[in-house]
Amino acid sequence: MLATLLLLPALAAAGSWPLKSDRARVQLFRAVAAAHLLIVLAMWNLPPGQLFDGSLALDAPGLLILTLSSLLFAGVAVYLGGYLARAEQRPLRIFVAALLALLFAVSLVCCCQHMGLFWVAIETSTLAAAPLLFFHHSGRALEATWKYLIVGSVGIALALLGTVFLAVAATNSAGETTLWLSDLRAGHALAKPWLHASFVLLLIGYGTKMGLAPMHAWKPDAYGEAPPPVAGLLAGAVTSVAFLGVLRATSICVRAGESAYASSLLVLLGLVSMGVAAVFIVGQSDYRRLLAYSSVEHMGILVFGLGFGIAGAQGALLHVLSNALTKGALFLVAGNLLQLYGTSAMSSVEGVLRRAPVSGALLVIGLFAALGLPPFGLFISEFTILRASLAGGAPAWPAALYLGFLAVTFLGMCAAVLPMAQGASPESGPAREPLSTIVPPAVFAAAVLVLGVWVPQPIAKAIAAAARQLGMS
Amino acid sequence: MRTALHILLFLALPPLLQGIINRVKSAFAGRRGPPVLQLYFDLWKLLRKSAVYSTTTTWVFRLGPPAGLAALLMAALLLPLGGGLPAPVAFAGDVVLFAYLLGAARFATVLAALDTGSSFEGMGASREVTFSALAEPALFLSIAALALARGSISWTFVLTGQMQIWHIFGPALAMLIGALVLVALAENSRIPFDDPNTHLELTMVHEVMVLDHSGPDLAMILYGASLKLFLLGAIVVRLAFPFEASIPGHVALFLAGMVVFAIVVGVIESTFARLRMNHVPQILIAAGVFAALAVAVILIRVSA
Amino acid sequence: MTLILAALSALAVSALAAALLSRQRGMSLAVSAGGCVAAALLGIPAAAGQLLGAPAARIRWTTPLGAAGALALDPLAAWFLITVLFVSALCALYGRRSLLASGRAISGQAAFFPLIVLAIAVVVLAADALTFLMAWELMTVLSFLLVTHEHERAEVRSAGLLYLVLTHAGTSCLLALFAVLATSSGTLLFAGMRAPAQPAVLFALAAVGFGVKAGAWPFHVWLPAAHPVAPSHVSAFLSGIVIKTGIYGLLRASLLLGPLPTRCGLVLLGLGVASALLGVLSALAQHELKRLLAYHSIENIGIILMGTGVGLAALSLHRPAVAALGFAGALLHVTNHALFKSLLFLAAGAVGKACGTLQLDRLGGLLRKMPHTALLFALGAAAISGLPPLNGFVSELLVYLSLFGALRLTPLAQAGAVVSLAALACVGGLAAACFAKATGAVFLGTARTPVDAHEAPREMLLPMAVLGAACVAIGLAGPLLVRALELPVAQLAGVPLSSAAPQDTLKFVAALGAAFIASAAALWFARRRLLLARAPAASPTWGCGYALPAPSMQYTAASFAQPLVAVFRTVLFPERHALLPVGTFPTALALEEHGRDPIDRFLLAPAVRAGALGFAFVRRATPSRVQWYVLAVFVALVVLLLWGIP
Amino acid sequence: MTAGLDLALVIALVLCVASLGTSRIGAAIRYFSLQAAAIALVPLLIETRSGGIGVHAWILFGATVVLKVFGVPYLLNRSVREAAVRSEMEPLIGFGTSLALGGGLVALSFALAQKLPLPQKPPSDLLIPVAFSLLMIGLLLIVSRSKAVTQVVGYLVMENGIFLFGLLLIDVMPYLIELGVLLDLFVAVFVMGIVIFHINREFDHIDSHQLDSLKD
């Protein structure tokens with residue numbers, strides 16, 4: 001089953017290349033994404049087994065993020081039909097192949113139980129995304145792609161170094177070492193200095209990929225220039241799998257008895273990210289860049305939460321789900337706006353609620369969800385993280401800063417997005433909104449709503465199991 | 001029986017107070033002045049006259065005088081004469097009701113004035129509410145001081161048998177009386193706050209508000225004004241002359257006190273000039289400060 | 001609890017149905033109003049039973065993530081629930097008609113209204129932190145959506161934004177408060193919560209968080225902006241109900257935090273004094289009816305806070321009887337203000353609909369055209385001014401009684417009580433002045449600009465009439481109020497209200513109130529008898545000899561308030577734009593004064609501007625070359641490596 | 001053979017510093033190629049210390065030579081040829097300054113290496129400091145140069161440093177991972193080459209000065 005899951009997109013990527021028509025390619029992508037989602041959903045009931053002596057297997061966090069990514073891909077696949085029909089016509093051969101490769105890479109990341117293999121998978125996803133960013137072939141897209149590639153490659157190189165250091169740290173007196181997650185977490189005596197250095201490198205490396213400040217600078221450029229559905233995939237799925245890397249590294253650190261060290265770094269980076277995002281969100285003039293900074297903020301929340309033990313990790317895992325779906329929904333709506341108004345400058349967008357009522361409503365809903373307002377999932381996760389950050393007589397300043405940055409971000413986001421949604425529309429009647437462009441974001445928003453009201457039992461169990469990896473065994 | 005006596009006194013005597021004041025003022029001016037009972041004659045005359053209503057006015061205008069007078073009548077039920085003559089209605093907190101009934105009377109009058117659409121009456125209403133709002137803190141601080149000194153918030157207790165508190169809080173009570181006299185003068189639009197006798201509409205406060213009332217309405221208003229002065233005067237008198245006696249003697253004592261009060265008011269009206277409008281708030285705030293000082297003094301004494 | 005749940009589900013179902021029916025405006029609005037009315041009919045009896053001593057009811061559950069949740073109906077909740085359901089049902093009925101008449105798309109309005117009622121009901125019923133916070137924020141969001149109904153207007157958008165952002169800042173404090181409470185006591189359930197060592201710090205969080213929602217000074221800036229721009233039934237609901245949730249939260253938090261230091265109560269008292277005084281003074285300086293009403297909400301919240309503050313202070317000093325009076329005053333004023341403020345806003349809405357403007361200096365003489373609205377507005381005005389025999393007086397009296405009681409506490413409390421007494425007295429006078437101004441400018445005299453106004457339709461008048469009747473009824477209810485307030489007060493003060501013995505007072509107040517009405521009526525009829533024989537004459541208003549009085553020469557609202565505004569100009573800082581006479585024959589002259597809020601003008605706006613400028617500077621200064629991006633990674637790497645490796 | 005190992009490492013370090021000082025792009029690519037050759041020898045030299053050279057080391061050597069010594073430089077040279085740009089103009093940091101900074105970073109690397117004691121004695125004491133130096137100087141190249149190709153060279157130098165670290169684990173790392181790493185690297189450079197090609201077409205020269213239109 002695991003093999004099917006991985007081979008399906010990989011083979012489809014290769015198979016899409018010789019296809020004659022772009023239409024068929026998109027259909028292929030849709031079919032693969034749908035099949036992928038079905039397989040992943042089936043895995044919740046049937047244990048998927050393992051490959052290569054367990055190098056590839058699904059544990060609780062892997063399954064959660066895999067499901068999430070699969071859902072996002074499926075949604076984007078549905079959306080692409082309507083989007084591409086109205087977008088600038090370009091050959092789709094590379095685009096679809098890269099999409100399928102990205103799906104393969106993302107699925108692979110979720111299954112990796114070996115840190116070296118994990119790195120390879122992440123690097124593959126980085127490379128697969130590059131052609132997607134460059135889809136429009138404009139000068140700006142080029143610049144964004146270049147920045148993404150260079151910063152991403154440097155980051156990922158550092159993660160590789162971190163992986164090597166991890167292996168060095170795990171070297172025992174017999175000169176043997178391991179990069180298997182199960183071994184690393186089994187309480188092997190790990191060499192402390194190397195472990196510390198390795199954690200820094202992994203955090204910086206995968207943090208670059210997530211878009212944690214100060215390694216985030218590529219993100220607004222890339223998200224601002226990529227086609228919005230691609231940006232949605234990057235902000236939803238790719239950042240989430242990168243987070244999986246940080247999660248793995250943290251769990252190793254915690255099991256090695258270094259949770260205080262890991263926490264201090266995670267909290268620091270989390271707060272820096274939230275602070276930087278807040279500064280750049282207030283007064284932002286481009287809505288796609290705004291969403292990118294919002295993503296930086298939420299990545300900050302994720303690692304901040306990870307810094308506070310099992311409870312914090314539970315919040316962070318719930319947050320990963322809600323945030324990815326919210327970002328997916330928002331970027332898809334941003335795609336609709338881009339096609340409707342032809343620009344991503346906020347000053348030119350007004351009265352969306354009047355001109356495109358459904359997209360407008362989804363924009364407002366997505367905004368509220370992203371801001372952590374109930375009844376959406378991010379409210380629960382942000383509150384859980386807040387509670388975790390105050391537990392056990394911890395100092396109050398991180399929590400205070402966390403709340404402060406959230407409030408500033410709230411101000412910035414509201415001041416930016418609400419004037420777009422509200423107001424009078426210059427056009428008379430509402431524009432036509434094809435179903436395929438509104439159903440996926442609506443489904444994502446509904447999922448975030450469900451996560452906020454009543455987390456389904458299996459997901460709650462998986463979150464609990466995943467969070468337990470962050471506790472001492 | 002006592003209630004009946006109380007009601008009789010409070011209903012019958014107020015216009016007399018006006019008469020005395022006017023006589024005092026005439027004496028100062030070297031005139032003989034109108035009869036002491038002049039206001040009774042005026043009221044009788046007005047009740048027999050018809051009324052003229054402005055075409056602008058509505059039921060609000062007509063409701064003003066009855067409602068205003070009714071409120072003052074209710075307020076009259078709350079004040080004791082002391083010396084075995086408690087108020088017909090006494091309960092904890094009647095001090096507040098008293099003040100707010102005066103407020104209700106004012107509200108009715110002010111709305112009636114605004115109903116005419118006259119710029120002059122609007123001006124008068126504006127000044128009325130301004131001055132009374134500023135007088136309100138002084139009144140309540142005085143009440144607070146008395147409440148502290150007497151341990152009660154009912155006029156009947158506050159104003160009865162308070163002989164001994166003069167020994168303890170003498171200076172504070174003197175300040176209080178000063179503040180209350182100022183409040184009484186301001187509430188009744190008398191000199192130095194307003195000159196009830198002037199005939200220049202632009203300078204007036206209360207009188208200008210009732211320009212358009214006539215006949216029975218004016219009678220109610222005039223009577224109400226005298227009742228209001230009587231009520232506030234009664235408080236001052238009970239404070240200033242805290243002597244007690246048997247009922248007939250006490251009533252005589254009280255009435256003597258009221259006469260003294262009327263004379264004092266008359267003297268003030270004859271010897272002071274009316275203040276400029278923009279100085280009025282300062283005086284009222286000063287009254288409030290007096291009352292606050294009294295409260296402070298009493299507080300220190302009470303807690304010592 | 002079954003009835004309560006039925007009421008909640010009626011709200012939920014009607015919201016859903018209204019959303020589904022949103023294409024048919026009439027149906028949708030009817031369903032929405034019907035849901036609110038049904039909820040009131042189901043919920044009020046249940047809550048009333050609770051007030052009369054029915055056993056406390058609760059339901060509990062556990063979420064899959066392991067958080068415990070609960071809804072519970074206790075007397076405090078019941079008191080608020082009755083107010084909420086009653087007023088919201090009337091606002092919904094009014095809103096049905098007024099939105100129908102407005103002729104514009106109702107978008108979400110029909111669905112949002114039952115939803116926000118539901119959210120508020122859950123806020124009141126919530127017995128755990130998470131449910132409370134969720135309902136709380138939901139209420140914020142929904143009220144934002146309701147406020148920005150007419151979002152084509154820029155002022156509506158900016159007011160909505162201000163509201164959303166400021167209340168969310170308040171919610172941040174609440175998140176912190178409940179997170180600390182939950183972590184220190186290990187449970188989200190209110191029942192198991194214990195305050196950690198310093199309840200004062202937590203109380204400060206609660207005061208800010210709930211203070212913002214309540215619109216207490218100095219957190220009130222959003223209120224006068226947001227309330228006037230909403231549709232009138234929404235303004236009525238916001239001013240009447242939504243801000244009261246702040247008070248509810250404060251009371252609930254004081255229960256959760258357990259015994260509080262005296263200074264907490266005194267701080268609240270101070271906030272109350274400031275809110276009441278500055279609220280009413282700012283109201284005096286307003287030229288627009290709904291803005292004026294909005295500032296009066298701040299004033300009344302101040303009065304409520306004064307009662308609450310005295311209650312908490314007295315409680316900490318072990319004087320439960322005084323505390324009982326303070327809490328009783330606060331609770332009763334919550335309900336009273338809900339009644340008369342929503343009445344006033346609804347009446348203002350009818351005026352706005354009839355005349356197209358609410359600028360006081362453009363209205364006038366509407367009493368002849370809208371007699372019923374005028375009567376109801378005047379009734380509300382008298383009630384909010386605290387005049388006997390109406391309900392506002394009764395609750396203010398209870399606050400006065402508690403303040404007098406506080407004169408016997410510690411020196412600091414005594415000082416606070418003296419200041420508060422003076423302030424409350426002044427506020428009473430000023431409120432009466434302000435409402436005389438408002439009533440006079442809108443309904444009395446003659447029209448300042450020609451308008452073709454008509455009386456509001458019966459469906460809009462009826463809810464207003466019910467509210468007015470409730471104002472009178474509470475004013476004359478007397479000792480019945482003690483019975484109703486007994487248990488909620490006991491919950492807050494530890495002793496029932498009757499132990500403070502206000503029965504006599506309330507009895508006499510009611511009796512004198514009735515006598516007042518009766519004697520006024522008697523005088524009215526006596527005069528009629530006198531005038532029967534001599535028919536009164538009609539003539540124009542006496543113009544003091546001036547021959548050609550015109551409507552524009554009437555005293556305006558602005559000039560009416562001018563003396564008071566002048567006295568308090570050091571507090572109000574009115575903005576003045578004057579075009580003064582120049583030369584021998586000056587031509588154009590103008591003088592404008594705006595009572596712009598000092599907190600907004602000198603604190604909030606400059607802070608926001610400075611922040612925006614600073615952030616913009618950082619944004620512009622941030623380089624955009626990829627080399628710098630990599631440098632940032634490099635620096636982060638070196639710093640963390642050096643920091644992390646010993 | 002410790003001397004041989006040290007020699008290879010020192011050569012790599014010198015070439016790396018040299019690439020900091022050169023203004024010619026072609027030279028920089030050549031230095032990288034030579035450096036890769038030196039580094040490709042390192043696994044063999046390590047293995048010889050402990051006896052025979054394993055299959056694993058041979059495979060690594062072969063793959064490195066094919067991909068890094070020839071493959072990557074070929075790709076880069078092609079880009080440069082097409083872009084018709086020969087020299088690094090207007091570096092963000094001057095050559096002299098970069099050299100000085102490079103010296104500082106080498107010193108820092110030696111200091112860092114002191115702080116990270118290996119569980120077992122490394123094949124050479126120079127291995128870790130040189131690896132750190134390559135990493136840092138690679139980063140410095142990316143930061144200080146304005147031509148896209150030079151930045152790629154910087155990235156590759158950095159990658160070489162990581163490769164050296166990886167050699168600490170030569171006995172225990174699975175092939176699959178190492179090959180995956182190498183392959184990924186190659187694809188990365190391939191993709192970068194394509195982007196450089198497009199940059200060239202879009203902006204007429206591969207000056208990443210041009211690439212700063214995206215900002216807030």
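The following exercises, each with a worked solution, concern a predicted model.

Residues are numbered from 1 along each chain as its sequence is written, and chains are lettered from A and ligands numbered from 1 in the order in which they are written. In this predicted model, local features need pLDDT of at least 70 and side-chain atom pairs count only at pLDDT 80 or more, whereas totals for chains, interfaces and linings use all residues.

**Exercise 1. The side of chain C that touches chain B**

Task: State how many residues of chains C and B are in contact, and describe the side that chain C contributes.

Solution:
1. Two residues are in contact if their C-beta atoms, placed from the backbone, lie within 7 Å. On this basis, 64 residues of chain C are in contact with 67 residues of chain B.
2. Helices (H or I, at least four residues) and strands (E, at least two) are DSSP runs, numbered from the N terminus. At least two residues of this side of chain C come from each of α14 (391-406), α15 (411-443), α18 (503-533), β3 (537-539) and α19 (557-567).
3. The largest share, 15 residues, is supplied by α15(C).
4. By residue class, the side of chain C that touches chain B has 44 nonpolar residues (Ala, Val, Leu, Ile, Met, Phe, Trp, Tyr, Cys and Pro), 4 charged (Asp, Glu, Lys and Arg) and 16 polar (the others, Gly among them).

**Exercise 2. Strands of two chains**

Task: Determine how β3(C) is joined to strand β1 of chain B.

Solution:
1. Two strands pair if DSSP finds at least two bridges between them. Between β1 (residues 52-54) of chain B and β3(C) there are 3 bridges, and the strands run parallel.
2. One of the residues involved is Val52(B), whose bridge partner in β3(C) is Ala537(C).

**Exercise 3. Cis peptide bonds**

Task: Locate the cis peptide bonds that lead to Pro214(A) and Pro389(C).

Solution:
1. In chain A, Ala213(A) and Pro214(A) are joined by a cis peptide bond with omega of about 5°. Pro214(A) belongs to the loop between α8 (192-210) and α9 (218-225).
2. In chain C, the bond from Pro388(C) to Pro389(C) is cis, with omega near 5°. Pro389(C) sits in the loop between α13 (371-384) and α14.

**Exercise 4. Positive phi**

Task: Describe the surroundings of Phe52(A) and Ala501(C).

Solution:
1. Phe52(A) is not a glycine, yet its phi is positive, about 50°. Its place is the loop between β1 (50-51) and β2 (56-57) of chain A.
2. A residue is buried if 20 or more other C-beta atoms, placed from the backbone, lie within 10 Å of its own, exposed if 12 or fewer, and partly exposed in between. Phe52(A) has 15 such neighbours within 10 Å and is therefore partly exposed.
3. Ala501(C), also not a glycine, has a positive phi of about 50° and lies in the loop between α17 (480-493) and α18 of chain C. Ala501(C) has 13 C-beta neighbours inside 10 Å, so this residue is partly exposed.
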